[in-house]
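Here's a quick walk through this structure for anyone working at the bench. Have the model open as you read.

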Amino acid sequence: VSRHSWREAFGAYSGIDESSLSAVDLERYGEAAWWSGKLIEAVRLRERAYVSYAGEGEKVAAAQVALTLAWDEANRGAFAVSQGWFATAERQLEGEEESAVHGRIALTRASQAMFAEGDLPKAIANLDRAYELAQRFGDRDTQMLSLVAKGRALVKMGEIDQGVELIDEGTAAAVSGELEAYSTTLVYCMTISTCQDLGDFRRAAEWTEAANRWCDRLDVTGFPGACRIHRAEIMRLRG
């Protein structure tokens, strides 16, 4: 898993009795399943990891997994289930000192405000909060995701030059290999979506090529479906 050898990791975990796996291993097994294209299996394993963390009183770790499940379910279109996991994450953090996970909470609130509610000022306020927490606790992934998402929100508000500058900065960090794999794909998708909104196919093509080079360095045969569609659209628009 640490080498991002997802299929190898999934195969190795598949040969072990699940009842003997720790919460950490269940979480890693779920990650390997997700990157191997087995979303349903990934959700099942992450649910088990959550139960294990919660049972051990590891509230921050449980909240982290609950947030991951909230994103998984939102991406499947199961928005009520997603909201349930988000509320679960918030409840697990009640009374806990601020940490990097609180930054992810703010990032998730920002995503809901921008994409579900269309409330861009609310999204930016939460993104600024997420960025500050991520910077304080050394969470580079949330920091760059917040930066790129803020750039996207600014573009939607007509602040194009400022927004694109933030997007380019965050995307450079992603494709250089500085971020985790999932964060990199989210950054790429937001970047390409923004380029499409602006009709800036040159910038979209440049970042697509950079992202493909990043993909080639890992055990990743392609991005999730939505991002692959974006890439195909850019190729078509460029002839």
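## Starting at Leu166

Let's begin with Leu166, which counts as buried, since its relative accessibility is 15%. You'll find Leu166 in helix H9. Look across to Arg152: the two residues are 14 apart along the chain, and 8.5 Å separates their C-alpha atoms. Keep in mind that this is a predicted model.

Helix H9 covers residues 160–175, and Asp161 sits in it as well. Is Asp161 buried or exposed? With a relative accessibility of 68%, Asp161 counts as exposed. Buried means under 20% relative accessible area and exposed means over 50%, so Leu166 at 15% is called buried and Asp161 at 68% is called exposed.

## A negative patch on the surface

Asp161 also has company. Together with Glu159, Glu165 and Glu169, Asp161 makes up a patch of negative charge on the surface.

## The overall fold

Zooming out, what is the chain built from? The tally is 12 helices and 0 strands. Read from the N terminus, the order of elements is α-α-α-α-α-α-α-α-α-α-α-α. The radius of gyration comes out at 18 Å, close to the 18 Å the globule rule gives for 239 residues, so the chain is as compact as a globular protein of that length.

For a feel of the dimensions, picture a box of roughly 50 × 40 × 30 Å along the principal axes, filled by the C-alpha atoms of the chain. As for burial, 48% of the 239 residues count as buried.

## Glu18 and its salt bridge

Now for the charged pairs. Side chains of opposite charge can pair when their charged atoms come close. The salt bridge count here comes to 19.

One of them joins Glu18 to Arg44, with 2.6 Å between the closest N and O atoms. Glu18 is in the loop between helix H1 (6–14) and helix H2 (23–35), while Arg44 is in helix H3 (residues 39–55), so this pair ties together parts that are 26 residues apart in sequence. The two ends of the bridge have their own burial classes: Glu18 counts as buried at 18% relative accessibility, and Arg44 counts as partly exposed at 30%.

Glu18 can also be placed relative to Arg48. These two are 30 residues apart along the chain, and their C-alpha atoms are separated by 9.9 Å.

## Two more bridges

Glu132 and Arg136 form another salt bridge, with the closest N and O atoms 3.0 Å apart. Why does about one helical turn separate Glu132 and Arg136? Because they are 4 residues apart in helix H7 (residues 120–137). Both ends count as partly exposed, Glu132 at 32% relative accessibility and Arg136 at 44%.

Then there's the bridge between the side chains of Arg140 and Glu178, at 2.3 Å from N to O. This pair links distant parts of the chain, 38 residues apart: Arg140 belongs to helix H8 (residues 140–156), and Glu178 to the loop between H9 and helix H10 (181–198). Arg140 counts as partly exposed, with a relative accessibility of 32%. Glu178 is partly exposed too, at 39%.

## A shared network

Some bridges have partners in common. Glu18, Glu41, Arg44 and Arg48 are joined into one network by salt bridges that share partners.

Where does Glu41 sit? Glu41 is in helix H3, and its relative accessible area of 24% makes it partly exposed. Measuring along the chain, Glu41 and Glu31 are 10 residues apart, with 9.8 Å between their C-alpha atoms.

## A backbone oddity at His4

Last stop is the backbone. Most residues other than glycine have a negative phi, and most peptide bonds are trans. His4 has a phi near 60°, a positive value in a residue other than glycine. His4 is located in the segment before H1, and a relative accessible area of 16% makes His4 buried.

Definitions and conventions
Residues numbered from 1 in each chain as written. Predicted model: local features only at pLDDT ≥ 70, side-chain atom pairs only at ≥ 80, totals over all residues. Heavy atoms only, no water. Patch = residues over 30% accessible without salt bridge, like charges linked within 9 Å, V, L, I, M, F, W, Y side chains within 5 Å. Areas by Shrake-Rupley, 256 points an atom, 1.4 Å probe, with all protein chains shown as cover. Salt bridge = Lys/Arg side-chain N within 4 Å of Asp/Glu carboxyl O. Lys, Arg positive; Asp, Glu negative; His and termini not counted. Charge placed at Lys NZ, Arg CZ, Asp CG, Glu CD. Helix = DSSP H or I, 4+ residues; strand = E, 2+ residues; numbered from the N terminus. Buried < 20%, exposed > 50% of the residue type's maximum accessible area, 1.4 Å probe, protein only. Rg over C-alpha atoms; globule rule 2.2 N^0.38 Å.
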